[in-house]
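Okay, thanks everyone, I'll keep this short. Let me put the structure up and then walk you through a few spots in it.

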Amino acid sequence: MKKFRAITILFACLVIAAVLVFQAGEASGSKAKAKTVTFNKDIAPIFNKNCATCHRPGEAAPFSTLTYKDVRPWAKSIREQVSKRTMPPWHADPHVGQWANDTRLSQKDIDAVVAWVDQGALEGNPKDLPPAPKFTEGWAIGQPDVVLDMGKEYTLKPGTPDEIQYFTVDTNFKEDKYVQFVEARPGNRKIVHHIIAFVQAPAKADSNVKQLTPEERRKMREAAAKDNIFYQDGFLTKVKADAPVFDDACHLPSGGNGSKRDGSGEGGGEGGGGSMLLCGYAPGKNQEIWPAGTVKKIPAGSKLIFQVHYSTFLNPAGELKDRSSVGMIFAKNTPDRELKTHGIGNHYFKIPAGAENHKATACWTAKEDIHLITFMPHLHMRGKSMEFKAFYPDGRSEVICNVPNYDFNWQLVYYAKKPIAIPKGTRIQVTTVWDNSSKNKFNPGPNKDVRWGDPTYEEMTIGWIDYTLDKQSFKTTAMK
Ligand code: HEC
């Protein structure tokens, strides 16, 4: 990595030297002219590689980068977004860790885009245009082997600000399945704020784990809410205003997870009932691209539970129907390891009205040797930053992922380039900062104290992690 940096610096020096020589040439009146930058030759390859996954018909971005005609009207805005590095979206501190899905443009590409716009955003020679990249319509992961939807269409009542609904469907899988890629797809982006899909494995014949029906699940949540810090507000779960406050939850035995809300007390309180988180969708979320051989297992006979957060936050005109779905691609070869997901959360915080830098922590200790694969900070509209720090059993500590400029509109997942070894007994501390002042332009209510709650106008802090267990290898154990 040091070597890589040194080479990068050396390269940067050479580029600077070349630029200086070039400018000197200009200054001394040579005929050297800035190279003409065209869309077809120079810019299309950059956009195809770095923008088109989102900027193509049917995806979330407001315009397509696939053709000159579509791009041209946006040239000025593109110059601004690219030079400020707000596009492509990426909010992790580049000095902490290395990320397999780092989408930041190289300085060379940024310079090319800026030069292209400054020269009048020319189209260029059609012969230079590279072939359009291939995408599967409707899916970022490629053509799914199986698509499961919610089982029915759901219609949100007009004027409903926020609600969370659960839908349970049979997978009808007759054998265990190993999922290599998975994507949750909103049926209606205008009202779906998020989807989390859980796998509910069938109860084993020899175990007394009970399979919950959706109705039992609902009752359990209600009962749990009665004697703990949560309460149900219609279809939403919130923390009671007078619940005990612990901004620093790391000294609590639970590390901050106050939840029996779904009867599980595990998994950061989301899903629960022994279910496993399969995948999620939220605005601006990128795709699950787990390392080859690292899969999620869906046991034969499992059910899929959709937790869908609906919101009329975007003021959708009229169209309030949704039927969201989950697409999966199964591993082609014998997978190696199963991916586990955990949410490191604090349910006990309280953010005072107007506080500009309110901090809270949550902790989780690894019970065995693991490798961390991904990080995904989840906060609501007052979220400012999230940091993941590991305290190793030998006394060392280090920041392993840092997102200093959290943006609610971009629920990004960060994939470690090399899985991070976490020995048993390591404590992972998640530190969150919120801005509940009026300086935060996204703040839906700076005049009130804020506690944990489902709706986006309340707050959350969950540091989602995906990891594998070192002791597990399907090749030698669980595969058959
Ligand atoms: C992960 C998905 C994603 C990627 C990758 C991405 N964009 Fe975007 N982009 C979006 C979305 C979604 C919006 C709309 C954001 C909003 O409405 O706030 C957007 C907005 C923009 C805008 C602002 C449009 C306006 O309203 O003025 C520009 C310009 C832009 N993108 C350019 C690019 C360029 C150029 C690239 C590649 C170098 C890129 N984006 C990569 C998703 C993406």
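So, let's start at the metal. The iron atom of the ligand is coordinated by two side chains, His55 through NE2 and Met87 through SD, at 2.0 to 2.3 Å. Keep in mind that this is a predicted model. The iron has 6 donor atoms, the angles among them run from 85 to 179°, and the site comes out as octahedral.

Where do histidine 55 and methionine 87 sit along the chain? Histidine 55 is in the loop between helix 2 (39–50) and helix 3 (68–71), while methionine 87 is in the loop between helix 4 (75–83) and helix 5 (107–118). They are 32 residues apart, so this pair links distant parts of the chain.

Now, buried or exposed: how do these two count? Histidine 55 has 11% relative accessibility, and because the cut-off for buried is under 20%, histidine 55 counts as buried. Methionine 87, at 25%, is over that cut-off and is therefore partly exposed.

Let's widen the view to the whole ligand. There are 19 residues around it, and the closest are Cys51, Cys54, His55, Ser77 and Met87. Helix 2 and helix 4 are the elements that each give two or more residues to that shell. Helix 4 has the largest share, with 4 residues.

There are polar approaches to the ligand here too. Ser77 has a polar side-chain atom 2.9 Å from an oxygen atom of the ligand. For His55, an N or O atom of the side chain is 2.7 Å from a nitrogen atom of the ligand.

Okay, moving away from the iron, on to the nonpolar cores. The largest one has 85 residues, and Leu278, Val326, Met328 and Leu372 have the most contacts inside it. There's also a second, separate core of 21 residues, with Val37, Ile78, Val113 and Val117 among them. As background, nonpolar side chains in soluble globular proteins tend to be buried together.

Let me zoom in on Leu372. Beyond its close sequence neighbours, its contacts include Ile400, Ala416, Pro419, Ile420, Ile422, Ile428 and Ile465, and also Asp466 and Tyr467.

Last stop, Glu458. This glutamate is in the loop between strand 20 (427–434) and strand 21 (461–469). Its relative accessible area is 10%, so Glu458 is buried. What is Glu458 in contact with, leaving aside neighbours within four places in sequence? Among its contacts are Lys238, His380, Arg382, Lys448 and Arg451, along with Val450, Trp452 and Gly453.

That's my tour, happy to take questions.

Definitions and conventions:
Residues are numbered from 1 along each chain as its sequence is written. This is a predicted model: local features need pLDDT of at least 70, side-chain atom pairs count only at pLDDT 80 or more; totals for chains, interfaces and linings use all residues. Side-chain values use heavy atoms; hydrogens and water are left out. A nonpolar core is a set of buried Ala, Val, Leu, Ile, Met, Phe, Trp, Tyr and Cys residues joined through side-chain atoms within 4.5 Å. Buried means under 20% relative accessible area, exposed over 50%, partly exposed in between (1.4 Å probe, protein chains only). Contact means heavy atoms within 4.5 Å. Donors are N, O and S atoms within 2.8 Å of the metal (3.2 Å for Na, K and Ca); water is not among the atoms, so sites may look incomplete. Four donors count as tetrahedral if all angles lie between 85 and 135 degrees; four count as square planar and six as octahedral if opposite donors are over 155 degrees apart and all others between 65 and 115; anything else is irregular. A residue is near a molecule or strand if one of its heavy atoms lies within 4 Å of it. A polar contact is a pair of N or O atoms within 3.5 Å; within protein, one must be able to donate a hydrogen and the other to accept it, and residues adjacent in sequence count only if both atoms are side-chain atoms.
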